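Biologist: I would like to go through this model with you step by step, starting from the whole chain and ending with single side chains. Could you show me the structure before we begin?

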Amino acid sequence: MDIDAQALVNKLTSNYAQEIALKDQQLAMAQVQIDQLNAKLAEKEEDKDGKNA
């Protein structure tokens, strides 16, 4: 019985680790998108500032 319980704990731990890794990957991809949007926004702000000068 102890072996089955340990196997279950190991499986759940592995599943949680996989979910966390997936969420980390999703967060990294979201951060890239945020960085790209921030860069575009900065360019637009520069263009606007250039036209007003």
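Biologist: What radius of gyration does the chain have, set beside that of a compact globule of 53 residues?

Modeller: Please keep in mind from the start that this is a predicted model. The C-alpha atoms of the chain fill a box of roughly 75 × 10 × 5 Å along the principal axes. A compact globule of 53 residues would have a radius of gyration near 10 Å, whereas the value for the chain is 23 Å.

Biologist: How many helices and strands does the chain have?

Modeller: Helix α1 covers residues 2-52, and leucine 12 has its place in this helix. The secondary structure of the chain comes to 0 strands and 1 helix.

Biologist: What share of the 53 residues is buried?

Modeller: The chain exposes about 5,100 Å², and carbon and sulfur atoms supply 59% of that area. A residue counts as buried when its relative accessible area is under 20%, and the share of the 53 residues in the chain that is buried comes to 0%.

Biologist: Which residues form the nonpolar patch on the surface?

Modeller: A residue needs over 30% relative accessible area to belong to a patch. Leucine 12, with a relative accessible area of 41%, is partly exposed and therefore passes this step. The patch has about 440 Å² of accessible area together, and its residues are Leu8, Leu12, Tyr16 and Ile20.

Biologist: How far apart do the centres of the positive and negative side chains lie?

Modeller: The chain has 10 negative side chains and 6 positive ones. Among the negative residues, Glu43, Glu46, Asp47 and Asp49 form a negative surface patch, and glutamate 43 has its place in helix α1. Taken as two sets, the positive and negative side chains have centres that lie apart by 10 Å.

Biologist: Which residue forms a salt bridge with glutamate 45?

Modeller: Side chains of opposite charge can pair when their charged atoms come close. The count for this chain comes to 1 salt bridge, and in it the closest N and O atoms are 3.6 Å apart, while the cut-off is 4 Å. The two residues both lie in helix α1, 3 residues apart, which is about one turn of the helix. The partner of glutamate 45 is lysine 48.

Biologist: Are the two residues of this pair, glutamate 45 and lysine 48, buried or exposed?

Modeller: Partly exposed residues fall between the cut-offs of 20% and 50% relative accessible area. Glutamate 45 has a value of 33% and lysine 48 has a value of 44%, so each of them is partly exposed.

Conventions. Residues are numbered from 1 along each chain as its sequence is written. This is a predicted model: local features need pLDDT of at least 70, side-chain atom pairs count only at pLDDT 80 or more; totals for chains, interfaces and linings use all residues. Side-chain values use heavy atoms; hydrogens and water are left out. Patches are made of residues with over 30% relative accessible area and no salt bridge: like charges are joined within 9 Å, nonpolar side chains (Val, Leu, Ile, Met, Phe, Trp, Tyr) within 5 Å. Accessible areas come from the Shrake-Rupley method with a 1.4 Å probe; for residues, only the protein chains shown count as cover. A salt bridge is a side-chain nitrogen of Lys or Arg within 4 Å of a carboxyl oxygen of Asp or Glu. Lys and Arg count as positive and Asp and Glu as negative; His and the chain ends are not counted. The place of a charge is taken as NZ of Lys, CZ of Arg, CG of Asp or CD of Glu. Helices (H or I, at least four residues) and strands (E, at least two) are DSSP runs, numbered from the N terminus. The radius of gyration is taken over C-alpha atoms; the globule rule is 2.2 Å times the number of residues to the power 0.38. Buried means under 20% relative accessible area, exposed over 50%, partly exposed in between (1.4 Å probe, protein chains only).
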